[in-house]
Every structure is written in structure tokens, then in C-alpha cells.
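Subject: Structure for you to look at

Hello,

I am passing a structure on to you, with some notes on what turned up in it. Have a look at it first, and then read on below.

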Amino acid sequence: MKVLGVESSCDETGIAIYDTDRGLLGHALHSQVAMHEEYGGVVPELASRDHVRRALPLLEQALRDSGVGLDQIDAIGYTEGPGLAGALLVGASFACGLGLALDKPVLGIHHLEGHLLSPLLSAAPPEFPFVALLVSGGHTQLMRVDGVGQYQLLGETVDDAAGEAFDKSAKLLGLGYPGGPAISRLAEFGDPGAYKLPRPMLHSGDLNFSFSGLKTAVLTVVKNQITNICEQDKANVARAFVDAIVDVLVAKSVSALKQTGLKRLVIAGGVGANGQLRSALNAAAAKRQFKVYYPELEFCTDNGAMIAFAAAMRLQRHPDAARRDYGFTVRPRWPLEDLD
């Protein structure tokens, strides 16, 4: 079965083709980072318009790279939510319009399910069950994953997600957008002992997170500089910030493994590409005898491959899940635990 995946939840347009017999055949992705950079964040209206421009050329590229014709597609999966309403509507209408034209069934996919399952696209995928740490611009959650569609929320952020804290703290330091990669690069040149920032909820006794206070601590440090903060001080603050977030994410992940009794940890979402987080998790895994799995770097951010894969996995379990009525809706807010 060949499934076409369409991703348009925020500022990446992704199209991919996944074959349940042969694996990922081709995928194409366009990032809007350069367009949004001058605004310091995603502008929803601009994002939606750019998805309109990019969808068809990316479809043609994915088909060309995979050597598959449109008539060979068996079903189409698209991101139904969560995400920006306008951006979701572009992808949903594109997918459903294409399905109508080709007389192919369509299936709405939960964006976070795509991220959770993306490590299964790797050459050495994890087996179920596992604990998943989902860390992205809009979400920080710990989930128990027992199979496709079998998700139990263990803990989540009560305010800012880790990715939000990265972006906001980077802005306070005068760094570019997106802030996550910029502040992580700068942290490599920082002195780990120069500043000590709080580790919010590190000892809360549960698996929830909080990062808004950490962002406020960065603001306080920056404001306390009487003169303009120098580049080395910026690097020192960046190092303290990254160390604080990594310490919390690692500690909570280890606690989740203890609580569930599982020995496999999967990392998903854009922050999963962070080098400092990967190094710390690898060290914890070696010390505590558990295995940690990551998506390929190209699948950490939003992409069509994870949507095509999630759709294919769902259709293997529930062949009648896709439909041909082509009326669609989107869900900008859609808790993963509400997923059928």
C-alpha cells in the first residue's frame, strides 16, 4: 500500500510517499524559516499563503524522487491538527481535493502521533512499548506508547514548552529566529559555571514540566547587566539556559522509565535534534542501562514522511479508517489522549 502524506501544521510544507512493503520512497520539504526570520516568529497568514504556493511543486518533487505516479497512490494522509488553523486548512483542502480528483480515500492524522512514530522510520527502530519524550516548539510531553493509537500521557508542560523557552530566551539574547539552534550553538562557547539558572519542577514528584520561570530567569540576568551584555556573557547565559533545560528533560525522562518499568526511551520533535540533549541522554542511558532512540535529523522537524508513515500504520490496523466523502475539518487544538 502506497500512502501520500501532507504536512502543513505550521511553517514547514512536507509531502512524502510511504510504501508499507518498501518503506519511505520519497519526500520533499520546504521550510519557511527565512521568510519568518525578519518578524522574529511565525506569522500565521504568511505561513498559510506559502503552503498554498509550495504544495503542488513539492508533490511533483516527491513523485519524481519516488518514481511513483499519482495513479499508484492508494490513500492520502494529511495533518488534521493540532497546529495553526489556516495552515492546517491549506493541507487538508489540498489532500482532500487531490483525493477527490483521483478517487482515493483520505485520512486525517494527528500531528503529534506523526512525531511519536517518526523514530520508527530509522534503520534501527524501537519496539513497542516505550516511553516517548516529545519536545517541540509547542509541546513538551512524556507519553507511554504501547502501539499505534495506544498512548498514555504521563506528564506535560504546565506553561511554555521547551521549544518556546528556547526561542524566547534566544530573543532576549538578541539571537536570530529560530532561537533553538542559535542558542545551542552559542552555548558551546559558554562557561558552565558562570551562571546558575533554576531547574523548574525538577523535584516536583511528578512528570510535569515548567519552563516559563526559566525564561524569566534569563530575562533577569540580561537586565542586570548595567552595560550592553558582551558576547562571552551571552554565551555563558546560553550555556546555563541549555544546561538547565537538558537537566530537567533528562531527569524527568529517567523518572518516567522508572515509573513505567520500561527500558526504551524515544525522543521526538524538533528539540530532539539538540546536540546537548542527545549527549546527556546518551550518557544517562549508558549509566542506567536503558536504550534511547532518535528520529533521523531530517525527521526531527515537521515533515510529510511522518504523516505518510502514521497514516500507513493506521490503515494497516484499520483499513476502513480512510474515507471518500472529502468533507474535512481541522483541529487546531487536539489533545493526543483524545485520539481514537
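Alanine 28 has a relative accessibility of 1%, so it counts as buried, the cut-off being under 20%. Please keep in mind throughout that this is a predicted model. You will find alanine 28 in strand S3, which covers residues 23-31. Which residues does alanine 28 touch, if those up to four places away in sequence are not counted? They are Thr13, Gly14, Ile15, Leu58, Gln61 and Ala62. For one of these, threonine 13, there is also a distance: its C-alpha atom is separated from that of alanine 28 by 8.3 Å, and the two residues are 15 apart along the chain.

Now for the chain as a whole. It has ten helices and ten strands. The radius of gyration is 20 Å, close to the 20 Å that the globule rule gives for 340 residues, so the chain is as compact as a globular protein of that length. If you would like its dimensions, the C-alpha trace spans about 65 × 45 × 30 Å along its principal axes.

Alanine 28 has company in being buried: 54% of the 340 residues of the chain count as buried. Contacts can also be sorted by how far apart the partners are in sequence. Among contacts in the chain with a separation of 6 or more, 72% are between residues 24 or more positions apart.

A few words on the surface and the charges. The accessible surface of the chain is about 14,400 Å², and carbon and sulfur atoms hold 50% of it. The chain carries 31 positive and 38 negative charges, and the mean positions of these two groups lie 5 Å apart.

Next, some backbone details that you may like to find in the viewer. Glycine 81 and proline 82 are joined by a cis peptide bond, with omega at about -15°. Proline 82 sits in the loop that runs between strand S4 (75-81) and helix H3 (85-102). Another cis peptide bond links phenylalanine 128 to proline 129, and here omega is about -5°. The loop that holds proline 129 lies between helix H4 (111-117) and strand S6 (130-135).

Positive phi values are worth a look too. Aspartate 103 is not a glycine, yet its phi is positive, near 60°. This aspartate belongs to the loop between H3 and strand S5 (106-110), and with a relative accessible area of 47% it is partly exposed. Methionine 201, also not a glycine, has a positive phi of about 60°. Its place is in the loop between helix H6 (179-187) and helix H7 (212-223), and a relative accessibility of 26% makes methionine 201 partly exposed.

Finally, the cysteines. How many disulfides are there? The count comes to zero. A disulfide is a covalent bond between the sulfur atoms of two cysteines. Take cysteine 10 as an example: the closest cysteine sulfur, in cysteine 300, is 16 Å from its own, which is too far for a bond because the cut-off is within 2.5 Å. Are cysteine 10 and cysteine 96 buried or partly exposed? Cysteine 10 is partly exposed, at a relative accessible area of 23%, whereas cysteine 96 is buried, at 3%.

I hope you enjoy exploring it.

Best wishes

Definitions and conventions: Residues numbered from 1 in each chain as written. Predicted model: local features only at pLDDT ≥ 70, side-chain atom pairs only at ≥ 80, totals over all residues. Heavy atoms only, no water. Helix = DSSP H or I, 4+ residues; strand = E, 2+ residues; numbered from the N terminus. Buried < 20%, exposed > 50% of the residue type's maximum accessible area, 1.4 Å probe, protein only. Contact = heavy atoms within 4.5 Å. Rg over C-alpha atoms; globule rule 2.2 N^0.38 Å. Areas by Shrake-Rupley, 256 points an atom, 1.4 Å probe, with all protein chains shown as cover. Lys, Arg positive; Asp, Glu negative; His and termini not counted. Charge placed at Lys NZ, Arg CZ, Asp CG, Glu CD.
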